[in-house]
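Okay, everyone, let's get going. I'd like to walk you through one structure today, so please have a look at it while I talk.

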Amino acid sequence: MSSVVISGDTSGSVTLQAPAVAGTTTLTLPATSGTVITGPGGVVAVSAGGTGQTTASAAFNALSPITSTGDLIIGNGTNSATRLAIGSNNTVLTSNGTTATWAAAAAGGFSNMTIYTSGSGTFTTPSTTTKIKVTVVGGGGGGSPTGSTGNCGAGGGGGGGAIYVGPVSASTGYAVTVGSGGGGGSAGGTSSFGALASATGGSTPPGNMSTNATTGGVGGSGSAGTLQVKGGAGTMGFPAPNPNNIFSGSGGSSILGGGGAGTYANSLNSYAGNPGGNYGGGGAGGVAPGPSGSPQPGGSGGGGAVVVEY
């Protein structure tokens, strides 16, 4: 027998059974261009291993477990898939180590700030904090005093700076020290945050001006941290050709504070140096023209600061 043709009603079933004899029975289906199994409309139902559809898009949708806009298909076992409903507003897809899940989106950047402007203390990281940004600025150097009439002092150097951005241990204390500004004729102090960032204060000028202008104070320096910034140098005092009309030097700036401005004075006035700005600005020099001027102090440097963002 070369072929078997089965025909009849559009419903029902056909059973092919091999004979109960020893040997091998082979059932050969038609070539792939032929029709193997069809249902109503020429499609195979899902229950029969098909999709019940005639297009790729419709076939996929028929088998897909998703039911709503934004749903995802994820694996939930070997050769098994399931529906993951869309997450709520402001959630992101993440992993819990076992499966995909939705979680609240982490806030970008830093949302809290603690500022230290004097003395020392301890900053303890919150239990959920593992990264911070710290900015430290040393105290500004004081401007130089005049010492005698006919003199103009130079400006003090600005405090150095250092910035740290990186990981920290949660629930851990870090020592904080804030450098004070130098009084007239004194250097500024060092600021630090643990071993992560440190910055020295600006220096005071090397001396007073009598017949020639002096060099201004040198700016402080940063160390450790992600970025180190040198404080600005103070400027020298400047005598006019006539000692009765002279200028004091200005203080150097830090990354957080400007230096005290220098002052012009004539024979009728004498001025103390202007203080440096917060935080870390150098003080200006004093100015005392001759012959009727009186000795004047240099301006104090601005105090340093430690700023913690987390």
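Ala 224 sits in strand S13, residues 222–224; helices and strands here are DSSP runs, H or I of at least four residues for a helix and E of at least two for a strand, numbered from the N terminus. The phi of Ala 224 is near 55°, a positive value in a residue other than glycine. Ala 224 is partly exposed, with a relative accessible area of 38%. On that scale, buried means under 20% relative accessible area, exposed means over 50%, and partly exposed is in between, with a 1.4 Å probe and protein chains only.

Quick word on what you're looking at: this is a predicted model, where local features need pLDDT of at least 70, side-chain atom pairs count only at pLDDT 80 or more, and totals for chains, interfaces and linings use all residues. Residues are numbered from 1 along each chain as its sequence is written, and side-chain values use heavy atoms, with hydrogens and water left out.

Back to backbone oddities. Ser 171 also isn't a glycine, and its phi is positive at about 55°. You'll find Ser 171 in the loop between S9 and S10. Then there's a cis peptide bond, from Asn 278 to Tyr 279, with omega near 10°. Tyr 279 belongs to the loop between strand S17 (264–265) and strand S18 (287–288).

Now go to the hairpin. Strand S1 (residues 72–77) and strand S2 (residues 80–84) run antiparallel and are joined by five bridges; two strands pair if DSSP finds at least two bridges between them. What is the bridge partner of Ile 74 in S2? That's Thr 82. There are two residues between the strands of this hairpin, and Asn 79 in the turn has a positive phi of about 55°.

S2 also brings us to the salt bridges. The rule is a side-chain nitrogen of Lys or Arg within 4 Å of a carboxyl oxygen of Asp or Glu, and by this rule the count comes to two. One of them joins the side chains of Arg 83 and Asp 71, at 2.4 Å from N to O. That pair links distant parts of the chain, twelve residues apart: Arg 83 is in strand S2, and Asp 71 is in the loop between helix H1 (56–63) and S1. Is each partner buried or exposed? Arg 83 is partly exposed at 33% relative accessible area, while Asp 71 counts as buried because its relative accessibility is 10%.

Glu 309 and Lys 133 also meet in a salt bridge, at 4.0 Å from N to O. Here the partners are 176 residues apart, with Glu 309 in strand S19 and Lys 133 in strand S7. Lys 133 counts as partly exposed, at 27% relative accessibility.

Let's move inside. The largest nonpolar core has 17 residues; a core like this is a set of buried Ala, Val, Leu, Ile, Met, Phe, Trp, Tyr and Cys residues joined through side-chain atoms within 4.5 Å. Val 134, Val 136, Phe 193, Val 306 and Val 308 have the most contacts inside it. Strands S7 (131–137), S9 (161–167), S10, S12 (197–199) and S19 (305–309) each supply at least two residues of this core. S7 gives the largest share, three residues.

Next, the aromatics. There are five aromatic pairs in the structure. Rings of Phe, Tyr and Trp (its six-membered ring) pair if their centres lie within 6.5 Å, and planes under 30 degrees apart count as stacked, over 60 as edge-to-face and the rest as tilted. Tyr 174 and Phe 193 have ring centres 5.4 Å apart and planes at 15°, so that pair is stacked. Tyr 174 lies in strand S10 (residues 173–177) and Phe 193 in strand S11 (residues 191–193), so the pair ties together parts that are 19 residues apart in sequence. Both Tyr 174 and Phe 193 are buried. Ring pairs also link Phe 123, Tyr 174, Phe 193 and Tyr 310 into a cluster.

Last stop, near the start of the chain numbering we go to Val 44, which is in the segment before H1. Val 44 is partly exposed, with a relative accessible area of 27%. The C-alpha atoms of Val 44 and Thr 54 are separated by 9.2 Å, and these residues are ten apart along the chain.
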